[in-house]
Each structure stands twice: as structure tokens, then as C-alpha cells.
Amino acid sequence: GVDGGPGGTRQPIVWGKKYRLTDVQLVLQDFLNALNIPLGSKVGQPGYGTKAWGFIFEPNTADVQFQLENEIFRVASQDPRIILNSIKAFPKENGILTEVELAVNPFNQAQVVSVFFNRATTTATFI
């Protein structure tokens, strides 16, 4: 039917239209996916992804935290649906915790999203 499946007698068949592109959770998941994909590893999109994982394994200095914040800013700025307000990085056991204050266009409701870069599993997750 209408939400996420093929159409019926009154609704046309629209394949692949299960989610709206402006859905907040979808935008956040896309952002997290970009943080988990190494830069240049997505076929046909060499600018997609991040080089943040190179900073995660460096000594935790103010310069490395600044470079990580800039990299997260670069990744977020590639998605026109994300309005970025601030980024803060903190050392945490077995990784780095980042707090990203952002809003999703067109909703424009600011929220803080905590992303943990785990060195052991080499994955970024929301916490």
C-alpha cells in the first residue's frame, strides 16, 4: 500500500519510496553511514566517506581532536539536509566521543547527537 510497499488498485506502484528523504532518523543514519565508510572506498564516489579513523588511532592531543572535528564537519557539510551548529570531541575509554549539535532541514530542530568512535570495533555508533 501507501507506506513502503507496492501500490494497490487506488495507489500506483512506487518502488523504493518507503521513506521520505527528509525523515530525521534517515538523515542521521546516512550521516552515521558516512562516518563508518573510509574515504574513497565507495564505488563511483571517491569523495564519500571519512578519514576520521586515521585520527582515532593517533595520540589524543588537542591538534588531533581539532582535525577530527574538522573531518566530521567536512562529512556533515556534504549532506545538504544537515545544518551543523557545533562539534566537540572528548577522549573516552577505547575511543573518542563526539557531540555534534545539528538540525535536519526542513525541520530545523537542533539536537545533540553523540557519536562514539570505538577503536576496538572500528565502528562509529550513536550513544
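Which residue in β4 does Val115 stand opposite? The answer is Phe126. Welcome to this predicted model, where an open sheet of four strands has helices lying across it. Here is a short tour, beginning with the sheet.

**The sheet**
- Its four strands follow the order β1-β2-β3-β4, and their pairing is antiparallel.
- The edges belong to β1 and β4, which have a single partner strand each, so one side of each is left without a neighbour in the sheet.
- From one strand to the next, the twist averages 25 degrees.
- Between β3 and β4, which run antiparallel, there are four bridges.

**Helix α1**
- Helix α1 spans residues 24-36, 13 residues in total.
- From first C-alpha to last, α1 reaches 19 Å, close to the 18 Å expected at 1.5 Å a residue.
- The buried residues of α1 are Val27, Leu28, Phe31, Leu32, Ala34 and Leu35.
- These buried residues sit on the same side of α1 because they cover an arc of only 155 degrees around the axis.
- At the start of α1, Asp23 has a side-chain oxygen that comes to within 3.1 Å of the backbone nitrogen of Gln25.

**How the helices meet the sheet**
- α1 lies across β1, β2, β3 and β4, and runs at about 160 degrees to β4.
- The cover over the buried residues of α1 includes those four strands, β1 (82-92), β2 (95-104), β3 (111-118) and β4 (123-126), along with the helices α2 (53-56) and α3 (62-77).
- α3 lies across β1, β2 and β3, running at about 150 degrees to β1.

Conventions
Residues numbered from 1 in each chain as written. Predicted model: local features only at pLDDT ≥ 70, side-chain atom pairs only at ≥ 80, totals over all residues. Heavy atoms only, no water. Helix = DSSP H or I, 4+ residues; strand = E, 2+ residues; numbered from the N terminus. Expected span 1.5 Å × (residues − 1). Buried < 20%, exposed > 50% of the residue type's maximum accessible area, 1.4 Å probe, protein only. Arc of directions from axis to C-beta. Contact = heavy atoms within 4.5 Å. Polar contact = N/O pair within 3.5 Å; in protein donor to acceptor, adjacent residues only side chain to side chain. Pairing = 2+ DSSP bridges. Axes fitted to C-alpha atoms, helices over the stretch in contact; angles between N-to-C directions.
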